[in-house]
Amino acid sequence: CWSPQFKDYNFQYITAQHIKEAHKEGLMVVVWTPNEPEDLQKMIDLGVDGIILTCFNNFNYLYCVYDT
């Protein structure tokens with residue numbers, strides 16, 4: 001029987017409670033389209049497990065954040 005291993009959310013609607021509940025269920029949380037650096041940082045601070053980008057110009061921002 002197949003079961004999902006993650007939940008995905010539009011970044012504008014994700015909350016710390018969503019993340020807490022998903023992690024409690026053993027699921028990863030992936031958000032999509034936080035293309036501005038301040039939105040990316042907010043998602044990182046909230047503790048999401050993955051980020052889907054549509055604007056790759058900010059990939060360097062993510063690389064720098066995670067490479068420190």
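The paragraphs below lead through a predicted model of one protein chain, from its overall plan to single residues.

Three helices and three strands make up the protein chain, and anyone who follows the sequence from its beginning meets them in the pattern β-α-β-α-β-α. The chain has 68 residues, of which 29% are buried. About 4900 Å² of the protein chain is exposed, and 56% of this area comes from carbon and sulfur atoms. If one takes the contacts between residues at least 6 apart in sequence, 17% of them join residues at least 24 apart.

A good place to begin is the pairing of strands. Strand E2, which covers residues 28-32, runs parallel to strand E3, residues 50-52, and three bridges join the two. One of the residues in these bridges is Val31, whose partner in E3 is Ile51. Between E2 and E3 the chain passes through helix H2, residues 37-46, and the β-α-β crossover made in this way is right-handed.

Along this path there are two loops to look at. In the loop between E2 and H2 we find Thr33, a residue other than glycine that nevertheless has a positive phi, near 65°. Thr33 has a relative accessible area of 25%, and it therefore counts as partly exposed, a class that lies between the limits of 20% and 50%. After H2 comes Gly47, whose phi is also positive, near 95°, and the loop between H2 and E3 holds Val48 as well.

Helix H2 itself shows two sides. Leu40, Met43 and Ile44 are buried, and they lie on the same side of H2 because the arc they cover around the axis is only 100°. Glu38 and Asp45, on the other side of H2, are exposed.

Where do the buried nonpolar residues come together? In soluble globular proteins, nonpolar side chains tend to be buried together. Here the largest nonpolar core has 10 residues, namely Tyr9, Phe11, Ile14, Ile19, Ala22, Leu27, Val29, Val31, Met43 and Val48. At least two residues of this core come from helix H1 (16-24), and at least two come from E2.

Two members of the core can be followed through their contacts. Val29, when its neighbours within four places in sequence are left aside, is in contact with Lys7, Tyr9, Ile14, Ile19, Ala22, His23, Val48, Asp49 and Gly50. Val48 has a relative accessibility of 9%, and so it counts as buried, since the limit for that class is under 20%. Apart from residues up to four places away in sequence, Val48 touches Ile19, Val29, Val31 and Met43. The C-alpha atoms of Val48 and His23 are separated by 9.8 Å, although these two residues are 25 places apart along the chain.

Gln5 offers a contrast to Val48. Gln5 sits in the segment before strand E1 (6-10), and because its relative accessible area is 59%, it is classed as exposed, for which the limit is over 50%. Even so, Gln5 touches Leu27 and Met28, if residues up to four places away in sequence are not counted. Gln5 and Leu27 are 22 residues apart along the chain, while their C-alpha atoms are separated by 5.2 Å.

How values were computed. Residues are numbered from 1 along each chain as its sequence is written. This is a predicted model: local features need pLDDT of at least 70, side-chain atom pairs count only at pLDDT 80 or more; totals for chains, interfaces and linings use all residues. Side-chain values use heavy atoms; hydrogens and water are left out. Two strands pair if DSSP finds at least two bridges between them. Helices (H or I, at least four residues) and strands (E, at least two) are DSSP runs, numbered from the N terminus. A crossover is right-handed if, with the strands pointing away from the viewer, the path from the first strand over the helix to the second runs clockwise. A nonpolar core is a set of buried Ala, Val, Leu, Ile, Met, Phe, Trp, Tyr and Cys residues joined through side-chain atoms within 4.5 Å. Buried means under 20% relative accessible area, exposed over 50%, partly exposed in between (1.4 Å probe, protein chains only). Contact means heavy atoms within 4.5 Å. Accessible areas come from the Shrake-Rupley method with a 1.4 Å probe; for residues, only the protein chains shown count as cover. The arc is that of the directions from the helix axis to the C-beta atoms.
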